[in-house]
Structure formats: C-alpha cells, structure tokens
Amino acid sequence: MAWTLTTPHNTARTTAAQAAANAKTLQLADAGAGPSTLQIYDTQDAGTRQKLATITLAKPCGQLVGAQIQLTQADPTGDLVQTTGVPTWAEWLDGGGQLLASCTVSAEGGDGDLKISSRADGQIFAGGFITLEEGLIG
C-alpha cells in the first residue's frame, strides 16, 4: 500500500519542487558572459521564420514570484524592433547563447505564454521598441 498525502501537504511539496526547479532555471539563464535574451520570431518554423526583435534581459534575468519566474527586461523602455511583423514565437537563450526554452508570444491581451507590447493586432514595427509586458514562467 502506498502513502496518501493530504492535499495541503502535496501542494506544499509541489510548490517547493517548482520553486527549486525555477531557481535553477534562473541560475542557468544567467550563466555565461552575456545577459540572457528572448529572441522574438514571426513563426515557430525555423526554416521560414524571421527574427523580429531581441529582448535583452537584466542580469540577474529575473526573480521568483511565489514559485514562478518573473523575467526582467534590462531596459524598461524597451529594445529595438529589427523587422516588422507579428510575433508568435520566442526562444530564451542563456548568457552564452544556448537555447533554454521556447514559447508562444502574443500581445498583452492575448493567450501567448509571453506577452509583449504591440498594437492590438499584434503587429510590431522595425525601428520601434518592444517591451516585455508579462513573462511569468512555471
């Protein structure tokens, strides 16, 4: 017979494990000489996508809020948009340029995992600025 944990006990264990895993993710993201970045693309397909912008994260790149990661943009006024388009995909690179994670992207009111500043239709424009509006992970 297996032990059965109470709901409060199981919740506490799960939250502690999530916080520990996310703390390690932050440590890995900040490894390397440079800051970690979010590469913003118009599609997930590596064969056809265009990079629209790079969001440079602070170092340290974020903090734990509860058990989740809250990413912090290095420049709160934003990063320069390189190519006009509608962002739908992002890749999170560590301070050495290695891929850590990827996710969907949307405008602030959308359903993407990562939410950025844009027009209501999601469009961003070359020469404009992009800011991270919501970057909670985990």
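This is a short tour of a predicted model, with a suggestion at each stop for what to select and a note on what is there.

**The whole chain**

Start with everything shown as a cartoon. The protein has 138 residues, and its secondary structure comes to one helix and ten strands. Colour from the N terminus onward and you can follow the order: the helix leads, and the strands come after it. Turn the model along its principal axes, and the C-alpha atoms fill a box of roughly 60 × 35 × 30 Å. If you colour by accessibility, 37% of the residues count as buried. Contacts across the chain are also worth a look: taking those with a separation of 6 or more, 57% are between residues 24 or more positions apart.

**Helix 1 and Asn 22**

Now select residues 7-30, which make up helix 1, and pick out Asn 22 within them. Is Asn 22 buried or exposed? Asn 22 counts as buried because its relative accessibility is 9%, below the 20% cut-off. Next, add Ile 137 to the selection. Asn 22 and Ile 137 are 115 residues apart in sequence, yet their C-alpha atoms are 8.2 Å apart in space. Show what else surrounds Asn 22: setting aside neighbours within four places in sequence, its contacts are Leu 64, Ala 67, Gln 68, Ile 69, Ile 137 and Gly 138.

**Strands 1 and 2: two threonines and a glutamine**

Move to residues 37-41, strand 1, where you will find Thr 37. Then select residues 51-65, strand 2, which holds Thr 54. Show the side chains of both threonines together with Gln 39. Which side chain does Thr 37 meet in a polar contact? The partner is the side chain of Gln 39, at 2.8 Å. The side chain of Thr 54 also makes a polar contact with the side chain of Gln 39, here at 2.9 Å.

Both threonines are buried: Thr 37 has a relative accessible area of 12%, and Thr 54 has one of 17%. To see the surroundings of Thr 37, select Thr 54, Ile 55, Thr 56, Glu 91, Trp 92 and Leu 93, which it touches when residues up to four places away are not counted. For Thr 54, with neighbours within four places left aside, the contacts are Thr 37, Leu 38, Gln 39, Asp 79 and Gln 82.

**A cis peptide bond**

Stay in strand 2 and zoom to Pro 60. Look at the peptide bond that joins Lys 59 and Pro 60: this bond is cis, with omega at about 10°. Most peptide bonds are trans.

**The loop at Gln 44**

Step back to the loop between strand 1 and strand 2 and select Gln 44. Add Trp 89, and draw a line between the two C-alpha atoms: these residues are 45 apart along the chain, and the separation is 5.5 Å. Beyond its neighbours within four places, Gln 44 is in contact with Arg 49, Thr 88 and Trp 89.

**The cysteines**

Select Cys 61 and Cys 103. How many disulfides does the structure hold? There are zero. For Cys 61, the nearest cysteine sulfur is that of Cys 103, and it is 13 Å away. A disulfide needs the two sulfur atoms within 2.5 Å, so this pair does not qualify. Cys 61 is buried, with a relative accessible area of 0%; Cys 103 is buried as well, at 18%.

Keep Cys 103 selected, and you are in strand 6. Leaving out residues up to four places away, Cys 103 touches Thr 88, Trp 89, Ala 90, Asp 113 and Leu 114. Add Phe 129 for another distance: Cys 103 and Phe 129 are 26 residues apart along the chain, and their C-alpha atoms are separated by 20 Å.

**Last stop: the largest pocket**

Finish by turning on a surface. The largest pocket has a volume of about 160 Å³. Which of its 14 lining residues are closest to its centre? Select Trp 92, Ser 102, Cys 103, Asp 113 and Ile 137 to see them. Then colour strand 5 (89-93), strand 6 (99-107) and strand 10 (136-137), each of which supplies at least two residues of the lining. Colouring the lining by residue type gives nine nonpolar, three polar and two charged residues.

Methods: Residues numbered from 1 in each chain as written. Predicted model: local features only at pLDDT ≥ 70, side-chain atom pairs only at ≥ 80, totals over all residues. Heavy atoms only, no water. 1 Å grid on protein atoms, 1.4 Å probe; cavity = no way out; pocket = protein on both sides within 12 Å on 5 of 7 lines; lining within 4 Å. Points joined across faces, edges and corners; volume = space filled by probe spheres on them. Helix = DSSP H or I, 4+ residues; strand = E, 2+ residues; numbered from the N terminus. Nonpolar A, V, L, I, M, F, W, Y, C, P; charged D, E, K, R; others polar. Buried < 20%, exposed > 50% of the residue type's maximum accessible area, 1.4 Å probe, protein only. Polar contact = N/O pair within 3.5 Å; in protein donor to acceptor, adjacent residues only side chain to side chain. Contact = heavy atoms within 4.5 Å.
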